[in-house]
Amino acid sequence: MSFETPLPPYNASDPYATFVNSSCFDLLLIEMVPLASRLAEESAAKRGAVLSNVDEEEESEIAFRKLDSIGYRVGQGLVERFSRDRPRFNDTLDMIKFLCKDMWTLVFKKQIDNLKTNHRGVYVLTDNTFRPLARMSMSSSSEAVLRAQPFLWFPCGVIRGALSSMGINATVQAETSELPAATFQIKTIAPQL
């Protein structure tokens, strides 16, 4: 439980509301990537009797799928919980704005710094001080950027799950060129007719 005063979009009269200290959340996010990597290694080791040379790329793909699927479920749950008292969204841009303002504040304690769109289903969200990357440091900048990429997989899943819960099928890609900034590119997928 946290002693921090809740900010909107929290509903203080919600009897089921619980709050977690932000440092606990930071530690959880820090530990999720090594856990997913260990699980991927164990999965590869189980198949190691059949495949003796499992490459690092396959383990990375397994870890990505695990983190993305966890984030997907978290994103769905957050939207189900915190958008129920809001009026229905009019269009996709309103949903993306909800994601950038309300939900990002809920999860990362700040709003997205920049939102760009081409009005054809592509949205670029930029967070210049992304909290999970804020405490990272390495001897070289290129090594830090390379090591930071797995820490963006969970937030990609959160975004994808949130959009899915609001009825938008999308792909989400994340990248960082300089720590602690992160850029998320959302491409909406038109429904198949």
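1. Let me start with the overall layout: the protein has six helices and four strands. Keep in mind as you read that this is a predicted model. Going from the N terminus, the order of elements is α-α-α-β-β-α-α-α-β-β. The chain has 193 residues, and 34% of them count as buried. Among contacts with a separation of 6 or more, 58% are between residues 24 or more positions apart.

2. On to the strands, where β4 is a good place to begin. Strand β4 covers residues 182-188 and pairs with β2, residues 122-127, in the antiparallel sense through six bridges. For orientation in the viewer, V122 is the residue that stands opposite K187 of β4. Strand β3, residues 170-175, is also antiparallel to β4 and is joined to β4 by six bridges. Here A170 is found opposite T188 of β4. Six residues lie between β3 and β4, and the two strands form a hairpin.

3. Next, the core. In soluble globular proteins, nonpolar side chains tend to be buried together. In this model the largest nonpolar core counts 44 residues, and the ones with the most contacts inside the core are M103, L125, F130, I159, L163, F184 and I186. At least two residues each come from α1, α2, α3 (92-108), β2, α6, β3 and β4. Helix α3 is the biggest contributor, giving 10 residues to this core.

4. L163 deserves a look of its own, being one of the core residues with the most contacts. Setting aside neighbours within four places in sequence, L163 is in contact with I96, I168, A170 and I186. You will recognise A170 from the strand pairing, where this residue stands opposite T188, and I186 from the list of core residues with the most contacts.

5. A charged residue that I would point out is D68, which sits in helix α2. Is D68 buried or exposed? Its relative accessibility is 10%, so D68 counts as buried. If residues up to four places away in sequence are not counted, D68 touches W153, C156, G157 and R160.

6. Now for the empty space inside. Rolling a probe the size of a water molecule over the atoms shows where empty space is left. How many cavities of 30 Å³ or more does the structure hold? There is one, and the volume of the largest cavity is about 60 Å³. Its lining is made up of L29, M32, V33, L67, P132, P150, F151, F154 and P155. Two elements, α1 and α6 (153-165), give two or more residues to that lining. Helix α1 has the largest share, with three residues. As for character, the lining of the largest cavity has nine nonpolar residues, no polar and no charged ones.

7. Finally, the second largest pocket, which holds about 500 Å³ of space. Its lining has 18 residues, and V33, S37, E56, S60 and P150 are the closest to the centre. V33 and P150 also belong to the lining of the largest cavity. Which elements each supply at least two residues of the pocket lining? They are α1 (22-46), α2 (56-82) and α5 (141-148). The lining of the second largest pocket divides into 10 nonpolar, two polar and six charged residues, whereas the lining of the largest cavity has no polar and no charged residues.

How values were computed: Residues are numbered from 1 along each chain as its sequence is written. This is a predicted model: local features need pLDDT of at least 70, side-chain atom pairs count only at pLDDT 80 or more; totals for chains, interfaces and linings use all residues. Side-chain values use heavy atoms; hydrogens and water are left out. On a 1 Å grid over the protein atoms alone, a cavity is a set of points where a 1.4 Å probe fits but cannot get out, and a pocket is an open set with protein on both sides within 12 Å along at least five of seven lines; lining residues have an atom within 4 Å of a point. Grid points are joined across faces, edges and corners, and a volume is the space filled by probe spheres set on the points. Ala, Val, Leu, Ile, Met, Phe, Trp, Tyr, Cys and Pro count as nonpolar, Asp, Glu, Lys and Arg as charged, and the others, Gly among them, as polar. Two strands pair if DSSP finds at least two bridges between them. A nonpolar core is a set of buried Ala, Val, Leu, Ile, Met, Phe, Trp, Tyr and Cys residues joined through side-chain atoms within 4.5 Å. Buried means under 20% relative accessible area, exposed over 50%, partly exposed in between (1.4 Å probe, protein chains only). Contact means heavy atoms within 4.5 Å.
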